Amino acid sequence: MDEEITIINSNTRNEKIYNFFISNRKILIVTVLTVFIILAGYFSLNAIKERNQIELANKFNLATIEFKYEKKNETIKKLINIIEEKNITYSPLALYYLLDNNLIENSTEINNLFDILINETNLESEIKNLIIYKKALYNSERINENELIKILNPIINSDSVWKAHVLYLMGEYFFAKNENQKAKEFFEKILLLPNANNEIKVETRKRISRDFGE
């Protein structure tokens, strides 16, 4: 008797499952197709990103390996195209190469390339802060105090690992302009930072002792 009841219960349960699938087959089919499309799209997108990354790597390597000064305009064009791709790896590298080799003399053009990386490229926060610092360093001898601070404010008002470098740059900037009190104030701020680079702190103490008599 117990076995018959068990068989009946099993059949009933199987029938309910069957009926459930029959009644909801459209929903189930749509759900399965949706999941399949999402997964296919995800893997396709990753494949496209990986292929684009490889293509940009090849373009960057070719542009830099084949660089000849007499054909620098070709290299400049190739590297600018890489920057405009807004790639988190090769766009910054392309700008660094332009800067390190002084390939573009027009400061406005260089600053526009900096802004593509800072404002339009999805960089990690500290990579972006590094580029902001490099932009300030590039412009520090040609812009006034307010313009320099405007560039650096995102780092000055943060806990970035680059904050000590920025404060040191500001100290150097004002010291070069013989504004010693302002320079000293920026150098002293470095010593109060909990995450400042130890080498910068040591150098800052030397500067304060040597140049400000403390």
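A salt bridge here is a side-chain nitrogen of Lys or Arg within 4 Å of a carboxyl oxygen of Asp or Glu. Keep that rule at hand for these exercises, and remember that the model is predicted.

**Exercise 1. Find how many salt bridges the rule gives, then work out what the D115–K135 pair ties together.**

Solution.
- Step 1: Applying the rule gives 8 salt bridges.
- Step 2: In one of them, the side chains of D115 and K135 come together with an N to O distance of 2.7 Å.
- Step 3: D115 sits in helix α5 (residues 107-120) and K135 in helix α6, so this pair ties together parts 20 residues apart in sequence.
- Step 4: Now check the surroundings of each partner. D115 is partly exposed, at 25% relative accessible area, whereas K135 is buried, at 12%.

**Exercise 2. Identify which side chains form salt bridges with K182.**

Solution.
- Step 1: Start with E145, whose side chain meets that of K182 at 3.1 Å, N to O.
- Step 2: Place this pair on the chain: E145 belongs to helix α7 and K182 to helix α9 (residues 180-191), so they link distant parts, 37 residues apart.
- Step 3: Add E179, which also bridges to K182, with the closest N and O atoms 3.6 Å apart.
- Step 4: Compare accessibility. E145 has 23%, E179 has 27% and K182 has 31%; each is partly exposed.
- Step 5: For a further example, look at E172, R207, R210 and D211, which shared partners join into one salt-bridge network.

**Exercise 3. Work out how the buried residues of α7 are arranged, and what they pack against.**

Solution.
- Step 1: List the buried residues of α7: L148, I151, L152, I155 and I156.
- Step 2: Viewed down the helix axis, they fall within an arc of 145 degrees, so they line one face.
- Step 3: Recall the helix geometry: with 3.6 residues a turn, residues three or four places apart point the same way.
- Step 4: Turn to the face away from the buried side, where the exposed residues N146 and K150 are found.
- Step 5: Follow the buried residues outward to their packing partners, α6 (125-139) and α8 (163-176).
- Step 6: Finish at the start of α7, where a side-chain oxygen of N144 comes within 3.1 Å of the backbone nitrogen of N146.

**Exercise 4. Locate the residues that touch the most other members of the largest nonpolar core.**

Solution.
- Step 1: This core has 53 residues, and L79, I83, L98, L113, L152 and I190 touch the most other members.
- Step 2: Ask which element gives the most to this core: α8, with 8 residues.
- Step 3: Take L79 as a case. Beyond neighbours within four places in sequence, L79 contacts F60, A63, A94, Y97, L98 and L103.

Terms used
Residues are numbered from 1 along each chain as its sequence is written. This is a predicted model: local features need pLDDT of at least 70, side-chain atom pairs count only at pLDDT 80 or more; totals for chains, interfaces and linings use all residues. Side-chain values use heavy atoms; hydrogens and water are left out. Buried means under 20% relative accessible area, exposed over 50%, partly exposed in between (1.4 Å probe, protein chains only). Helices (H or I, at least four residues) and strands (E, at least two) are DSSP runs, numbered from the N terminus. The arc is that of the directions from the helix axis to the C-beta atoms. Contact means heavy atoms within 4.5 Å. A polar contact is a pair of N or O atoms within 3.5 Å; within protein, one must be able to donate a hydrogen and the other to accept it, and residues adjacent in sequence count only if both atoms are side-chain atoms. A nonpolar core is a set of buried Ala, Val, Leu, Ile, Met, Phe, Trp, Tyr and Cys residues joined through side-chain atoms within 4.5 Å.
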